[in-house]
Amino acid sequence: MAGEELIKRWDAYLSKLKDRYSEILAQAEEPLKEVIENLQYDNVIIINIKTGLHNQTVLQLYQKAEEGWEKMQAEIYKTGNIGLIKQEAAKLAIFRDSLETEFARFETELFARAARKILENVKQHINEKQIHRCTQCAADLPINIYSFMAVNIKCDSCGAVNTYQPDDRIRALEYYVIEPLAEEYALEEKLRRGKDKAAEKEYFKKYYTYLMDNVPEKRESYKRTLDERLNNPFFSQ
Ligand SMILES: [Zn+2]
């Protein structure tokens with residue numbers, strides 16, 4: 001078979017695997033919708049589903065691509081056009097990159113969808129009026145939904161000191177809700193970070209800024225982590 005013919009075949013093979021990738025995720029959409037609809041206060045089931053889909057798509061399809069490449073390489077070798085091998089091998093690397101990038105996007109969006117549902121549930125099931133009001137005079141206390149830590153707050157109206165004790169569902173918002181939403185907010189930078197040092201820093205800045213803006217109580221702690229990541233060469237490798 002001539003080199004040109006082989007290239008065509010190889011391109012078609014990779015393109016079929018790409019189609020298969022889209023097909024698998026498209027088929028997963030309906031069941032996923034239902035799973036998200038039934039989430040309560042954590043996303044553990046989503047983690048399991050994600051792992052399964054990652055196996056079916058990124059891992060298995062890349063394995064097929066490698067197997068295809070083995071055969072293709074042997075065929076190209078027979079044509080004597082050895083230069084073609086390097087040229088066509090590059091397509092295997094590009095294919096792997098595109099699978100990984102697209103899956104990272106899918107995964108981030110999936111966890112963000114789950115996060116919005118969990119937040120909605122928490123908001124529905126906690127009585128914000130009760131937990132965010134002064135126990136003495138019922139004035140509003142400056143506590144937002146993302147208050148994960150126990151704090152003592154002096155009421156502006158009557159001066160009583162209230163101990164605010166978030167329940168487990170609220171504590172879990174940090175891990176199940178606000179972090180996935182921050183990942184979504186910084187998604188484009190996150191996807192570029194592997195290839196672009198500047199994007200890596202932009203990603204950290206966007207991610208932690210989102211956390212700082214939404215969780216003022218933990219601002220200092222997020223700020224410290226951000227500074228560490230930006231300045232520590234180990235983290236920015
Ligand atoms: Zn009060």
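## Leu 14 and its surroundings

Once its neighbours within four places in sequence are set aside, Leu 14 is in contact with Ala 65, Lys 91 and Phe 95. Leu 14 itself sits in helix 1. This is a predicted model, and in it Leu 14 is buried, because 22 other C-beta atoms lie within 10 Å and the cut-off for a buried residue is 20 or more.

For a sense of scale along the chain, take Leu 14 and Ile 24: these two residues are 10 apart in sequence, and their C-alpha atoms are 15 Å apart in space.

## The chain as a whole

Stepping back, the protein chain has 9 helices and 2 strands. Read from the N terminus, the order of elements is α-α-α-α-β-β-α-α-α-α-α. The radius of gyration is 25 Å, well over the 18 Å that the globule rule gives for 237 residues, so the chain is more spread out than a compact globule.

The C-alpha trace spans about 90 × 40 × 20 Å along its principal axes. Of the 237 residues, 19% count as buried. Among contacts with a separation of 6 or more, 60% are between residues 24 or more positions apart.

## Three domains

The domain assignment divides the protein chain into domain 1 (3–124), domain 2 (127–166) and domain 3 (186–237). How many Å separate the centres of domain 1 and domain 2? Taken over C-alpha atoms, the separation is 47 Å.

## Helices 1, 2 and 3

Let's start with helix 1 (residues 3–37) and helix 2 (residues 44–79). Their axes come within 10 Å and cross at roughly 170°. Angles over 145 degrees count as roughly antiparallel, and helix 1 and helix 2 are therefore roughly antiparallel to each other. Sorted by class, the residues in the contact of helix 1 with helix 2 are 19 nonpolar, 5 polar and 3 charged.

Next comes the pairing of helix 2 with helix 3 (residues 83–125), where the axes come within 11 Å and again the crossing angle is roughly 170°. Helix 2 and helix 3 are therefore roughly antiparallel too. The contact of helix 2 with helix 3 has 17 nonpolar, 3 polar and 5 charged residues.

## Met 72 in helix 2

Met 72 is a good residue to click on in helix 2. Is Met 72 buried or exposed? Met 72 counts as buried, because it has 23 C-beta neighbours inside 10 Å. Apart from its neighbours within four places in sequence, Met 72 is in contact with Leu 6, Trp 10 and Glu 88.

Met 72 and Arg 219 are 147 residues apart in sequence, with 54 Å between their C-alpha atoms. Arg 219 belongs to helix 9, which appears further below.

## Ala 138 in a loop

Ala 138 lies in the loop between helix 4 (128–131) and strand 1 (151–154). Most residues other than glycine have a negative phi. Ala 138, though, has a positive phi, near 70°. With 13 C-beta neighbours inside 10 Å, Ala 138 counts as partly exposed, because that class lies between the exposed limit of 12 or fewer and the buried limit of 20 or more.

## Helices 8 and 9

Towards the end of the chain, helix 8 (residues 197–214) and helix 9 (residues 219–231) have axes that come within 9 Å and cross at roughly 175°. Helix 8 and helix 9 are therefore roughly antiparallel to each other. From helix 8, the contact uses Lys 201, Phe 204, Lys 205, Tyr 208, Leu 211 and Met 212. From helix 9, the partners are Arg 219, Tyr 222, Lys 223, Thr 225, Leu 226, Arg 229 and Leu 230. By class, the residues of this contact are 7 nonpolar, 1 polar and 5 charged.

Helix 8 is also home to Glu 200. Glu 200 is buried, because 20 other C-beta atoms lie within 10 Å and 20 is where the buried class begins. Glu 200 and Glu 189 are 11 residues apart in sequence, while their C-alpha atoms are 6.7 Å apart in space.

Note on methods
Residues numbered from 1 in each chain as written. Predicted model: local features only at pLDDT ≥ 70, side-chain atom pairs only at ≥ 80, totals over all residues. Axes fitted to C-alpha atoms, helices over the stretch in contact; angles between N-to-C directions. Helix = DSSP H or I, 4+ residues; strand = E, 2+ residues; numbered from the N terminus. Parallel < 35°, antiparallel > 145°, perpendicular 65-115°, else oblique. Nonpolar A, V, L, I, M, F, W, Y, C, P; charged D, E, K, R; others polar. Domains from an automatic or database assignment. Rg over C-alpha atoms; globule rule 2.2 N^0.38 Å. Contact = placed C-beta atoms within 7 Å.
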